[in-house]
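Trainee: I am new to this structure. Please take one part and look at it closely with me.

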Amino acid sequence: MTDEPLVLATIERSDETWLSAAAIAVAAGLPLGRVMAALDSSAAVIVEGAPAGHPRYSTHAHYRATTGLMRRYVDLLLSS
C-alpha cells in the first residue's frame, strides 16, 4: 500500500502552506523514510528550497488555497 494519499491529505489539512518532511511524518504518524518516499514519488507535491538545505513541501492545490494571488505572482517571477 502506498503512503502517498495519507501524506497528501496531511498536507492539505495543514494551516501552514509549507511543511517539512519531519512535520508531515509526525502529523501523519508515519516514519520519516516512508514520508520522504511518498513525497519523492508524487507529482502533486511541490518543493520549496529553505535555508540550511531543509526543503519544505506543499501540494499545488494547497499552495493555491493558502497563498494570495500577489504572492504566487512574485514566487513565479522569482523562480524564472
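Trainee: In which helix is Leu-32 found? Please start there and work outward.

Mentor: Leu-32 is found in helix H3. Keep in mind that this is a predicted model. Helix H3 covers residues 32-41. Leu-32 has a relative accessible area of 44%, so it counts as partly exposed, between the 20% and 50% limits. What does Leu-32 touch, leaving aside its neighbours within four places in sequence? Its contacts are Ala-21, Ala-22 and Ala-25. Val-45 is another matter. It is 13 residues from Leu-32 in sequence, and the C-alpha atoms are 16 Å apart.

Move along the helix. Met-36 also has its place in H3. Its relative accessible area is 27%, which makes Met-36 partly exposed. Leaving aside neighbours within four places in sequence, Met-36 is in contact with Ala-21 and Tyr-57. From Met-36 to Ala-21 is 15 residues in sequence, yet 6.6 Å in space, C-alpha to C-alpha. Ala-21 also appears among the contacts of Leu-32. Tyr-57 will return in the core.

Next, see how H3 packs. Two packed helices are described by an angle and a distance, each taken between their axes. Helix H1 spans residues 4-13, and its axis comes within 9 Å of the axis of H3. The two axes cross at roughly 85°. An angle of 65 to 115 degrees counts as roughly perpendicular, so H1 is roughly perpendicular to H3. Which residues meet there? From H1 come Glu-4, Val-7 and Ile-11. From H3 come Val-35, Ala-38, Leu-39 and Ser-41. This contact holds five nonpolar residues, one polar and one charged.

H1 has a second partner. The axes of H1 and H2 also come within 9 Å, and they cross at roughly 105°. H1 and H2 are therefore roughly perpendicular to each other. On the H1 side, the residues are Leu-6, Val-7, Thr-10 and Ile-11. On the H2 side, they are Ile-24, Ala-27 and Ala-28. Here the division is six nonpolar, one polar and no charged. Val-7 and Ile-11 take part in the contact with H2, and they are also in the contact with H3.

Look at Thr-10 for a moment. It lies in helix H1. Is Thr-10 buried or exposed? Its relative accessibility is 5%, under the 20% limit, so Thr-10 counts as buried. Setting aside neighbours within four places in sequence, Thr-10 is in contact with Leu-19, Ile-24, Ala-27 and Ala-28.

Now the core. The largest nonpolar core has 14 residues. Which of them touch the most other members? They are Val-7, Ile-11, Ile-24, Val-35, Leu-39 and Tyr-57. H1, H2 and H3 each supply at least two residues of this core. H2, which runs over 21-28, gives the largest share, four residues. Take Ile-24 as one example. Not counting residues up to four places away in sequence, Ile-24 touches Val-7, Thr-10, Ile-11, Leu-19, Val-35, Leu-39 and Tyr-57. Val-7 and Ile-11 were met in the contact of H1 with H3, as were Val-35 and Leu-39.

Then turn to the rings. A pair of aromatic rings is described by the distance of the centres and the angle of the planes. How many aromatic pairs are counted here? The count is one. Trp-18 and Tyr-63 form this pair, with 5.6 Å between centres and 50° between planes, so it counts as tilted, between the 30 and 60 degree limits. The pair links distant parts of the chain, 45 residues apart. Trp-18 sits in the loop between H1 and strand E1 (19-20), and Tyr-63 sits in helix H4 (residues 60-66). Trp-18 is buried at 17% relative accessible area. Tyr-63 is buried too, at 12%.

Finish with two exposed residues. Leu-69 is found in helix H5, residues 69-79. With a relative accessible area of 63%, Leu-69 is exposed. It is 34 residues from Val-35 in sequence and 29 Å from it in space, C-alpha to C-alpha. Gly-53 lies in the loop between strand E2 (45-48) and strand E3 (56-59). Its relative accessibility of 64% makes Gly-53 exposed. Between the C-alpha atoms of Gly-53 and Ala-21 there are 12 Å, with the two positions 32 residues apart along the chain.

Note on methods: Residues are numbered from 1 along each chain as its sequence is written. This is a predicted model: local features need pLDDT of at least 70, side-chain atom pairs count only at pLDDT 80 or more; totals for chains, interfaces and linings use all residues. Side-chain values use heavy atoms; hydrogens and water are left out. Axes are lines fitted to C-alpha atoms, for helices over the stretch in contact, and angles run from 0 to 180 degrees between N-to-C directions. Angles under 35 degrees count as roughly parallel, over 145 as roughly antiparallel, 65 to 115 as roughly perpendicular and the rest as oblique. Contact means heavy atoms within 4.5 Å. Ala, Val, Leu, Ile, Met, Phe, Trp, Tyr, Cys and Pro count as nonpolar, Asp, Glu, Lys and Arg as charged, and the others, Gly among them, as polar. A nonpolar core is a set of buried Ala, Val, Leu, Ile, Met, Phe, Trp, Tyr and Cys residues joined through side-chain atoms within 4.5 Å. Buried means under 20% relative accessible area, exposed over 50%, partly exposed in between (1.4 Å probe, protein chains only). Rings of Phe, Tyr and Trp (its six-membered ring) pair if their centres lie within 6.5 Å; planes under 30 degrees apart count as stacked, over 60 as edge-to-face and the rest as tilted.
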